[in-house]
Amino acid sequence: MLIPDEGERPLRILDRETVLIRKAAGKRTHDQIIAANVDTLFIVTSCDQDFNVSRIERYLALANEAKIHPVIVLTKIDLSDDIDSFKQTAMVLQNNLRVEGVNAKENASLASLRTLCTEGHTIALVGSSGVGKSTLINSLTDSDQLTADVSFEDGKGQHTTTSRSLHLLHDGGLLIDTPGIRELQLSDCETGIEDTFDEVLSFIAQCKFNNCQHDTEIKCGIKAALDSGDLEQRRWESYQKLQDEQKERNIPKYEKGRARK
Ligand SMILES: Nc1nc2c(ncn2[C@@H]2O[C@H](COP(=O)(O)OP(=O)(O)OP(=O)(O)O)[C@@H](O)[C@H]2O)c(=O)[nH]1
Ligand SMILES: [Mg+2]
């Protein structure tokens with residue numbers, strides 16, 4: 001881990017060229033910066049019950065909003081005999097999406113990931129607790145991040161990493177370890193959602209009416225796409241859920257209070 005020597009002080013604070021922001025966890029309403037000046041986001045998920053397509057879409061929206069290159073890292077391939085189906089399911093979530101399957105504990109399996117960790121390149125790792133973010137950091141660097149087994153009962157991690165840390169790679173790249181996220185709530189993310197669901201927008205553009213609610217209207221592009229199977233019901237619902245959350249963010253507090261009465 002990179003720790004400044006005693007007496008060392010920052011010389012200059014770099015401008016933020018990219019910034020990953022999420023809504024803070026729990027009932028708090030403020031936003032929280034996950035990391036800044038990141039080039040690539042490793043969206044880490046394991047090939048087991050953690051794998052959740054709608055959650056991956058949230059992470060993709062987060063990366064797309066920040067204009068950061070997303071890579072899906074599927075860990076624990078050594079414990080699964082269905083790696084190809086995990087890979088295929090992830091790959092279709094975005095055009096040209098890079099998906100890497102790894103055993104985070106085995107150096108040899110990380111060769112392809114290493115090609116992304118080049119000098120001057122900063123990569124942040126995000127994902128649920130227990131998926132192997134710190135294990136990956138340890139295997140890719142000389143770091144000694146604490147790791148812990150996932151629970152036998154529910155297969156979930158134990159929130160072992162509790163703060164963010166920066167790690168230098170031999171080749172000059174930087175990795176950022178982050179604490180496991182329980183439930184990713186997006187901050188202002190309209191562009192990121194539109195980029196992640198660009199095919200949904202193209203179906204909406206085919207609606208006859210500009211203000212189509214995709215409900216009872218005739219010549220609705222969404223209904224046609226759902227009927228033909230070009231648009232998956234789950235994906236449409238996922239898009240709507242994220243859009244509803246964005247709308248909810250934009251309702252002024254006094255209006256929310258009135259709506260609840
Ligand atoms: N078999 C196998 N075990 C793995 C792999 N990756 C991680 N593990 C194990 O999974 C457990 C959790 O790994 P961590 O690296 O602590 O997970 P994390 O994502 O950092 O979790 P938090 O710090 O809680 O967010 C540890 O027991 C690791 O040894 C893998 O690819 N294969
Ligand atoms: Mg960790």
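Domain bounds, as used in these legends, come from an automatic or database domain assignment. Everything shown is a predicted model.

**Figure 1. The whole chain, split into two domains.** Domain 1 takes in residues 19-177 and domain 2 residues 197-260. Measure from centre to centre over C-alpha atoms and you get 29 Å between domain 1 and domain 2. The protein has nine helices and eight strands to keep track of. With a radius of gyration of 20 Å, close to the 18 Å from the globule rule for 261 residues, the protein is as compact as a globular protein of that length. The C-alpha trace covers about 65 × 45 × 40 Å along its principal axes. Of the 261 residues, 33% are buried. If you count contacts with a separation of 6 or more, 66% of them link residues 24 or more positions apart.

**Figure 2. The six-stranded open sheet.** Reading across the sheet, the strand order is S5-S4-S3-S6-S8-S7, and the pairing is mixed. S5 and S7 (165-168) sit at the edges, each pairing on one side only. From one strand to the next, the twist averages 25°. As a reminder, strands of a sheet pair through backbone hydrogen bonds, either parallel or antiparallel.

**Figure 3. Strand S4 and its two parallel partners.** How many of the seven residues of S4 are buried? Five of them are, so S4 (residues 69-75) is largely enclosed by the rest of the structure. S4 pairs with S3 (residues 40-46) in the parallel sense, over seven bridges. Look for Ile 43, whose bridge partner in S4 is Ile 72. To get from S3 to S4 the chain goes through helix H1 (residues 53-65), making a right-handed β-α-β crossover. S4 also pairs with S5 (residues 98-101), again in the parallel sense, with four bridges. Here Ile 72 turns up once more, standing opposite Val 99 in S5. Between S4 and S5 the chain passes through helix H2 (residues 83-91), and this β-α-β crossover is right-handed too.

**Figure 4. The S7-S8 end of the sheet, and helices on the sheet.** S7 and S8 (residues 174-177) run antiparallel and are joined by four bridges. One pair to pick out is Leu 168, which stands opposite Leu 174 in S8. Helix H1 lies across S3, S4 and S6 (122-126), at about 170° to S3. Helix H4 (residues 133-140) packs on the sheet as well, touching S3, S6, S7 and S8. The direction of H4 makes about 155° with that of S8.

**Figure 5. Leu 125 and its surroundings.** Leu 125 belongs to strand S6. Is Leu 125 buried or exposed? The cut-off for buried is 20 or more other C-beta atoms within 10 Å, and Leu 125 has 24 C-beta neighbours inside that 10 Å, so it counts as buried. Setting aside neighbours within four places in sequence, the contacts of Leu 125 include Phe 42 and Val 44. Lys 133, Leu 136 and Ile 137 are also among them, as are Leu 175, Ile 176, Asp 177 and Thr 178. Leu 175 is 50 residues away from Leu 125 along the chain, yet their C-alpha atoms are separated by 7.4 Å.

**Figure 6. Leu 184 in the loop after S8.** You'll find Leu 184 in the loop between S8 and helix H5 (190-196). Leu 184 has 18 other C-beta atoms within 10 Å, which makes this leucine partly exposed. Leaving out neighbours within four places in sequence, Leu 184 is in contact with Arg 22, Arg 55, Arg 58, Tyr 59 and Leu 62. Another residue to show here is Ala 25: Leu 184 and Ala 25 are 159 residues apart in sequence, but 8.0 Å apart from C-alpha to C-alpha.

**Figure 7. The S1-S2 pair.** S1 (residues 19-23) runs antiparallel to S2 (residues 31-36), with five bridges joining the two. Lys 23 has Asp 31 as its bridge partner in S2. Which residues of S1 lie on the covered face, and which on the uncovered one? Leu 20 and Arg 22 make up the covered face, while Val 19, Ile 21 and Lys 23 are on the uncovered one. In a regular strand, side chains alternate between the two faces of the sheet.

Key
Residues numbered from 1 in each chain as written. Chains lettered and ligands numbered in written order. Predicted model: local features only at pLDDT ≥ 70, side-chain atom pairs only at ≥ 80, totals over all residues. Buried ≥ 20, exposed ≤ 12 C-beta atoms within 10 Å, placed from the backbone. Pairing = 2+ DSSP bridges. Right-handed = clockwise from strand over helix to strand, strands pointing away. Rg over C-alpha atoms; globule rule 2.2 N^0.38 Å. Contact = placed C-beta atoms within 7 Å. Axes fitted to C-alpha atoms, helices over the stretch in contact; angles between N-to-C directions.
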